[in-house]
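Please examine the sequence and the three-dimensional structure shown below. The paragraphs that follow lead through the structure step by step.

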Amino acid sequence: MRAARYHGNRDVRVEDVAAPEPEADEVVVDVAACGICGSDLAEYSHGPRAGEASLPYVMGHEFGGTVVEAGADADVDVGTDVVVNPLVACEDCWCCDAGMYNLCRDLTVVGAQRPGAYAERVSAPATNVVPLPDGVSPELAAVAEPFTVAYHGLLQSPIRSGDDVAVVGMGPIGLATVQLARDMGAGSVYASGHREARRALAAEGGADVVVDPRETDFVETVRGDTRGGADVSFDVTGTESGYADAIEAARPGGHTTLVGVFEDEIEADVMAYVSAQRSASGSAAYQTGPRAAEEFGTVLRKFAAGNLDPESLVTSRIDLTDIESEGFEALADGGSGEVKVLVRP
Ligand SMILES: [Zn+2]
Ligand SMILES: [Zn+2]
């Protein structure tokens with residue numbers, strides 16, 4: 001079968017590789033589409049982060065498709081349209097014992113330690129498979145993954161209906177956070193993003209006020225409009241300036257949820273917490289293991305019900321052979337207007 005294998009920095013090659021065979025508790029999924037994640041782009045541009053010994057391997061963890069083979073112990077019918085939760089928990093460590101499967105001490109990921117979905121077929125444990133509701137195509141289901149990251153982030157926040165919400169960072173997960181906050185009954189939603197096309201999508205997705213932080217002071221904008229800040233805020237950038245804006249945009253006593261992945265150490269003003277009695281918490285991906293379908297399932301039902309608009313994030317659908325030029329390189333170009341690129345193997 002065809003697969004796009006990562007051979008190192010800015011080097012992805014479409015090659016012929018052996019198709020996966022399912023273990024007894026696994027299924028094999030024929031991939032309809034796989035989204036290119038910011039983490040894949042970072043690996044392409046700055047990796048390999050796990051070192052040369054990890055190479056070559058197949059990335060891709062945001063995908064939907066159809067089950068074409070099932071192992072003897074797999075409780076999933078061949079022919080089922082599914083999305084796969086790519087986090088494989090060990091179900092044996094103390095975090096797994098406590099039900100915190102996303103915090104598993106021995107987590108493996110489809111598209112990192114296990115072969116991913118920039119390939120015609122991929123294998124995964126049957127527990128990680130989430131059947132699609134009517135009205136959600138296997139292709140669009142690929143976008144459920146970033147929405148589920150955003151949904152888990154909102155669940156880690158004390159957000160209540162009517163709360164004013166500030167979201168810093170308008171990548172796919174930031175845009176999904178805006179849509180979900182609106183769906184969960186937010187008061188006013190404030191969004192901050194660098195790229196023009198993404199700011200337009202934030203407004204379409206339900207943000208009331210959208211700013212380019214290089215031109216307009218986001219913190220002053222939020223504070224001027226509210227009781228001194230948003231009730232809850234989200235950093236979805238993983239950068240020092242994004243983090244600072246998210247903390248400072250929260251009102252005294254407010255809460256910030258940190259969803260973005262920080263590649264570098266940052267400097268933080270701790271007094272922003274102490275003097276205004278703010279708090280912050282982290283959010284790590286989404287539930288998995290025996291709970292793999294909980295948050296993914298909720299997001300998929302919201303897709304099916306029309307509460308969310310996943311299609312709005314999809315800016316291109318490309319063939320596997322074009323994954324470098326029309327996928328990674330296009331996303332790396334800040335002026336390209338790309339948001340979510342779906343790769344069709
Ligand atoms: Zn991702
Ligand atoms: Zn574990």
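T177 has a relative accessibility of 2%, and because buried means under 20%, T177 counts as buried. In this predicted model, T177 belongs to helix α4. Setting aside neighbours within four places in sequence, T177 is in contact with A150, L154, V167, F234 and V236.

One of these partners, F234, is also among the residues with the most contacts inside the largest nonpolar core. That core has 46 residues, and V83, F147, V165, L300 and F303 share with F234 the rank of most contacts within it. Two or more residues each are given to this core by α3, β11 (165–168), α4, β12 (189–192), α5 (196–204), β14 (230–235) and α9. The largest share, six residues, comes from α3. At least three residues of this core are drawn from each of domain 1 (2–144 + 287–344) and domain 2 (157–282).

What does F147 touch, not counting residues up to four places away in sequence? Its partners are A176, Q179, L180, V299, F303, L308, D309, P310 and L313. Apart from this core lies another core, of 38 residues, which includes Y6, V67, F328 and V343.

Helix α9 may be considered next. It comprises the 14 residues 292–305. At 1.5 Å a residue, α9 should span 20 Å, and its end C-alpha atoms are 21 Å apart, which agrees. The buried residues in α9 are A292, E295, F296, G297, T298, V299, L300, K302 and F303. They pack against β6 (81–84), β10 (129–131), α3 (144–155) and α4 (172–183). An α-helix has 3.6 residues a turn, so residues three or four places apart point the same way. Just after α9, G306 takes a positive phi of about 80°.

The division of the protein into domains gives a wider view. The protein is divided into domain 1 (2–144 + 287–344) and domain 2 (157–282). Taken over C-alpha atoms, the centres of domain 1 and domain 2 are separated by 27 Å. The contact between them takes 16 residues from domain 1 and 10 residues from domain 2.

Two zinc ions remain to be described. Which residues provide the protein donors of the zinc ion (ligand 1)? They are C37 (SG), H61 (NE2) and E62 (OE), lying 2.2 to 2.5 Å from the ion. Along the chain, these donors follow the spacing C-x23-H-E. C37 and H61 link distant parts of the chain: C37 is in the loop between β3 and α1, whereas H61 is in the loop between β4 and β5 (62–70), 24 residues apart. C37 counts as buried at 13% relative accessibility, and H61 counts as buried at 9%.

The zinc ion (ligand 2) is coordinated by C90 (SG), C93 (SG), C96 (SG) and C104 (SG), at 2.3 to 2.4 Å. The site is tetrahedral, with angles of 100 to 122° among the four donor atoms. For comparison, the ideal angle for four tetrahedral donors is 109.5 degrees. The donor residues of this ion are spaced C-x2-C-x2-C-x7-C in sequence. C90 and C104 link distant parts of the chain, 14 residues apart: C90 is in the loop between β7 (87–88) and α2 (94–97), and C104 is in the loop between α2 and β8 (108–109). Are these two residues buried or exposed? C90 counts as partly exposed at 29% relative accessibility, whereas C104 is buried, with a relative accessible area of 7%.

Two further residues illustrate how parts of the chain that are separated in sequence are placed in space. C34 lies in strand β3 (residues 26–35) and counts as buried, at 0% relative accessibility. C34 and A117 are 83 residues apart in sequence, and their C-alpha atoms are 6.1 Å apart in space. Not counting residues up to four places away in sequence, C34 touches G60, H61, E62, F63, A117, Y118, A142, V341, L342 and V343. Among these, H61 and E62 are also donors of the zinc ion (ligand 1).

A50, in contrast, is exposed, with a relative accessible area of 63%. A50 lies in the loop between α1 (38–46) and β4 (57–58). The C-alpha atoms of A50 and A112, 62 residues apart along the chain, are separated by 9.3 Å.

Definitions and conventions. Residues numbered from 1 in each chain as written. Chains lettered and ligands numbered in written order. Predicted model: local features only at pLDDT ≥ 70, side-chain atom pairs only at ≥ 80, totals over all residues. Heavy atoms only, no water. Donors = N, O, S within 2.8 Å, 3.2 Å for Na, K, Ca; no water. Tetrahedral: all angles 85-135°; square planar, octahedral: opposite > 155°, others 65-115°. Helix = DSSP H or I, 4+ residues; strand = E, 2+ residues; numbered from the N terminus. Buried < 20%, exposed > 50% of the residue type's maximum accessible area, 1.4 Å probe, protein only. Expected span 1.5 Å × (residues − 1). Contact = heavy atoms within 4.5 Å. Core = buried A, V, L, I, M, F, W, Y, C linked by side-chain atoms within 4.5 Å. Domains from an automatic or database assignment.
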